[in-house]
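Visitor: I would like a close look at a single part of this model. Please begin with one glycine and work outwards from there.

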Amino acid sequence: MDETSGQRDRNMLLIMGPTASGKSALALSAAKTFDGVVINADSMQVYRELEIITARPDSIMTQAAPHRLYGFLSGEDVCSAARWADLAAAEVLAAREAGKLPIIVGGTGLYFRALTLGMSPIPDIPTDVRQTARQEHADLGAEAYHARLAQADPEIAARLPIGDSQRIMRAWEVYLATGTPLSEWQKLPPTPPRLDLPSLTLALMPDRQVLYHRCDTRFDQMVDTGALDEVEQLRALNLAPSLPVMKALGVPELMDYLAGEKSRDDAVKDAKTGTRRYAKRQMTWLRNQIIADFTSDAKDLKTMERKFFPEIRKFLLTLT
């Protein structure tokens, strides 16, 4: 019997890192070693339409250990951080009841924050209000929509560029539903965290050039293994361009290629550039927002295991 088995039901493991840093492989290895359940904390891997282009764990991985909150939502849906945190908390508690170690893994920082630190107490936005906000964006255009937000919430509008349609629509739908600007909601004390459990936080922080190379190589592999077909199927659904699923890394660029607006080479080049920029933002967020218990710049899984597994074992055996 694993010497840590008696402690799993009162701890959780958090694994964070930028895209292409090796999080999923490390989480799977930890799940097999410490009898865990892998719980997704990636805002794009929740959508069933995007498996290849989001590098969602494949069937071999999901058969090797339990995986939760992957590919369970339609692309027509919106998964807010608060909604995800409620779902993740339920999965953590279910894992604990089964005597397994909850392993939360992903690169969406807001998800981790909602789960462990709490968020602004903004009420849930009704679906019809979300739909209205998106339709108005399509009708008015980005510039006029941003100008209207500036009238209702100048503080938020000043922080958001016109092209940041997702956050602009979020700010407008909050105002539309509550009559209170988002900036005012954000000044209120946060809600309590969804979970208050002993946790160990591991952050993967590869060398930037190594990470960029991984991003480029992985995108080539995605295109070679069916990403274009996947995006074509998504395109055929005629979903609103403002939906989160339509803005997943690589999707807009491959959509442009499929629509004849870019060459394949340009689309792939632009997608790689966007992915590298996103990875850089994730690294910056991790450095500034997360206090990790342990970090690693390891280039391969075996090195990460040697670095992290003794600390995980020690954590699980520590009385709290």
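Visitor: In which loop is the place of Gly-17?

Guide: Gly-17 sits in the loop that runs between β1 and α1. Before going further, note that this is a predicted model, in which local features need pLDDT of at least 70 and side-chain atom pairs count only at pLDDT 80 or more, while totals for chains, interfaces and linings use all residues. Residues are numbered from 1 along each chain as its sequence is written, and side-chain values use heavy atoms, with hydrogens and water left out. The names of helices (H or I, at least four residues) and strands (E, at least two) refer to DSSP runs, numbered from the N terminus.

Gly-17 has a relative accessibility of 2%, so it counts as buried. Here buried means under 20% relative accessible area, exposed means over 50%, and partly exposed lies in between, with a 1.4 Å probe and protein chains only. Apart from neighbours within four places in sequence, the residues in contact with Gly-17 are Lys-23, Gly-106, Gly-107, Leu-204, Gln-282 and Leu-286. Contact means heavy atoms within 4.5 Å. Another residue to compare is Thr-295: along the sequence, Gly-17 and Thr-295 are 278 residues apart, yet their C-alpha atoms are 9.5 Å apart in space.

The sheet is the next thing to look at. It is an open sheet of six strands with parallel pairing, in the order β3-β2-β4-β1-β5-β6. At its edges stand β3 (67-68) and β6 (294-296); each has a single partner strand, so one side of each has no neighbour in the sheet. Two strands pair if DSSP finds at least two bridges between them. β1 and β5 pair in the parallel sense, over five bridges, and in this pairing Leu-13 is opposite Leu-200 of β5. Five of the six residues of β5 are buried, which leaves that strand mostly covered.

From β5 the sheet continues to β6. These strands run parallel and are joined by three bridges. Ala-203 has Thr-295 in β6 as its bridge partner; Thr-295 is the residue whose C-alpha was placed 9.5 Å from that of Gly-17. Leu-204, one of the contacts of Gly-17, stands opposite Ser-296 in β6.

Helices pack on this sheet. α4 touches β1 and β4 (101-106), and its direction makes about 155 degrees with that of β1. Helix α14 (residues 301-317) touches β1, β4, β5 and β6, and its direction makes about 170 degrees with that of β5. For such angles, axes are lines fitted to C-alpha atoms, for helices over the stretch in contact, and the values run from 0 to 180 degrees between N-to-C directions.

α4 can be followed residue by residue. Its buried residues include Gly-109, Tyr-111, Phe-112, Ala-114 and Leu-115. Among the elements that cover the buried residues of this helix are β1, α3 (81-97), β4 and α13. Take Phe-112, which belongs to helix α4. Its relative accessibility is 2%, so Phe-112 counts as buried. Leaving out residues up to four places away in sequence, Phe-112 touches Leu-14, Ile-15, Met-16, Ala-41, Trp-84, Ile-104, Val-105, Gly-106 and Leu-117. Gly-106 in that list is also one of the contacts of Gly-17. The C-alpha atoms of Phe-112 and Leu-14 are separated by 8.4 Å, with their positions 98 residues apart along the chain.

The backbone has a few points to note as well. Just after α4, Gly-118 takes a positive phi of about 95 degrees. Positive phi values also occur in residues other than glycine. One of these is Asp-35, with phi near 55 degrees. Asp-35 lies in the loop between α1 (23-34) and β2 (36-40), and at 29% relative accessibility it counts as partly exposed. Leu-69 is not a glycine either, and its phi is positive at about 65 degrees. Leu-69 lies in the loop between β3 and α3. With a relative accessible area of 9%, Leu-69 is buried.
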